[in-house]
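Student: I've got the sequence and the model open, but I don't know where to start. Please pick one residue, look at it closely, and then show me how the rest connects to it.

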Amino acid sequence: MSTTILAIESSCDDTSAAIIQDSYLLSNIVAGQDVHFKYGGVVPELASRAHQQNIIPVVDLAIKKANITKNDIDAIAFTRGPGLLGSLLVGTSFAKGFALANKIPLIDVNHLQGHILAHFIKEKNIEKDLPNFPFLCLLVSGGHSQLMLVKNFFDMETIGETIDDAAGEAFDKCGKIIGLPYPAGPEVDKLAADGNPQAFVFSKPKVKGYDYSFSGLKTSFLYSVRDSVAKNPNFVKENTKDLCASLQYTIIEVLMNKVRKAIKETGIKEIAVAGGVSANSGLRSALIEEGKKSKIKVHIPPFKFTTDNAAMIGITGYYKYLNSEFADLSIVPKARMPL
Ligand code: KG4
Ligand code: ZN
């Protein structure tokens, strides 16, 4: 008999639903929200309103695309946190209602655990090397930058984390300074491809152990741009690609320095990367190169599983289901929720 999980993700500005059956992905629907575009960032109140509009059509489509019916679903998994409370509330309330109406168990999922376990999503007709425990995971998104020691599906130790901004935030905030639309990360990545990474030098943090810091880099970027614009008003326009390439190079160097240290000091032979910033082409190349140099296996997720999606919530829900880890209807979402 097979186990079928309906999963919901609504932690930020993407409404997503997915069906996972016996660890295989049957469907994964993601509806983005254009309403935030003109504000240069996510507006929480608008996000929760858009989730309310999107959630039913998105779930309906996920069920249809998976070619199953509502009655085939054994449990519903949802993102409990971390994230925007109003956004999380929409997914949580929907999941509770669906569980109650269909008399199926409810499974709460930590969004960060989901990003990491996205590496275990299987797809029919696609061969894939799954990570072996224990492995290191560099989790880099708009809200998080941390190095994890993943011991098994449920036991994940944070060995380093940012003491201020996240890597995605550094991409987004610096991109905003030079007029790129939100989220600037993907745009910086594209423009950096034709730029010179050595054109500008920005300050790198000195933080203990495996911890990260990105706020100093942001300030250094801001001051450098501001001083150059004072001398030449066309500075940004004339140097956009070089600024993006140098910024990306610096962020990757900061991330990779701690990755190299962790590989050396832990002796672990496998590393995975997860979260929105793992879509970055420079970071992917740097990890692959490091893998060859240090003779370790590197796991890079397919692009569709890097940014927020319900498939990663579904795979986590599936393993929690096998472990009989269920939530009851009194559960509430949590904006802050460490692993
Ligand atoms: O995981 P995610 O979708 O949402 C959070 O949980 O935060 O990550 C979004 C972050 C944003 O900061 C976005 O700019 C960044 O991931 N991002 C990228 C790229 N694609 C997305 N950053 C750099 N290069 C990319 N290609
Ligand atoms: Zn995320």
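Tutor: Let's start with Cys137, which counts as buried because its relative accessibility is 0% (buried is under 20% relative accessible area, exposed over 50%, partly exposed in between, with a 1.4 Å probe and protein chains only). Before we go on: this is a predicted model, so local features need pLDDT of at least 70 and side-chain atom pairs 80 or more, while totals for chains, interfaces and linings use all residues. Residues are numbered from 1 along each chain as written, chains are lettered from A and ligands numbered from 1 in written order, and side-chain values use heavy atoms, without hydrogens or water.

Cys137 sits in strand β6, residues 135-140 (helices, H or I with at least four residues, and strands, E with at least two, are DSSP runs numbered from the N terminus). What does Cys137 touch, leaving out residues up to four places away in sequence? The list is Ile116, Gln146, Leu147, Met148, Val150, Ala272 and Ala274, where a contact means heavy atoms within 4.5 Å. For a sense of distance, try Gly41: from Cys137 it is 96 residues away in sequence and 27 Å away in space, C-alpha to C-alpha.

Now step back along the chain to Pro134, which is in the loop between α3 and β6. The peptide bond leading into it from Phe133 is cis, with omega near -10°. There's another cis bond to find, from Tyr182 to Pro183, again with omega near -10°. Pro183 belongs to the loop between α4 and α5.

Those helix names bring us to ligand 1. One of its oxygen atoms is 3.3 Å from a polar backbone atom of Gly143, which fits the cut-off for a polar contact (a pair of N or O atoms within 3.5 Å; within protein, one must be able to donate a hydrogen and the other to accept it, and sequence neighbours count only if both atoms are side-chain atoms). Gly185 also has a backbone N or O atom 3.3 Å from an oxygen of the ligand. On the side-chain front, an N or O atom of Asn280 lies 3.0 Å from a ligand nitrogen. Which elements give two or more residues to the shell around ligand 1? They are α3 (111-117), α4 (167-177) and α5 (185-192).

Follow α3 the other way and you meet helix α9, since α3 is among the elements covering that helix's buried residues. The cover also includes β1, β2, β3, β4 (75-81) and β5 (106-110). In α9, 10 of the 12 residues are buried, including Met312, Ile315, Tyr318 and Lys320. The helix takes in residues 311-322 and reaches 17 Å from first to last C-alpha, close to the 16 Å expected; the expected span is 1.5 Å times one less than the number of residues. Just past α9, Ser324 has a positive phi of about 55°.

Three of the strands that cover α9 turn up again beside helix α1: its buried residues pack against β1 (4-9), β2 (15-21) and β3 (24-31), as well as α2 (85-102). Among the buried ones are Ala47, His51, Ile55 and Val59. With 22 residues, 44-65, α1 should span 32 Å at 1.5 Å a residue, and its end C-alpha atoms are 29 Å apart, which agrees. After α1 comes Asn67, with a positive phi near 60°.

His51 is also one of the residues touched by Ser10, along with Thr79, Ser87, Leu88, Val90 and Gly91. Ser10 is in the loop between β1 and β2, and it counts as buried because its relative accessibility is 1%. Its side chain reaches the backbone nitrogen of Gly91 at 3.3 Å.

Two more loop residues round off the tour. Asp22, between β2 and β3, has a phi near 50°, positive in a residue other than glycine; at 28% relative accessibility, it counts as partly exposed. Lys295, between α8 (281-294) and β10 (297-299), isn't a glycine either, yet its phi is about 55°. Is Lys295 buried or exposed? Its relative accessible area is 71%, so Lys295 is exposed.
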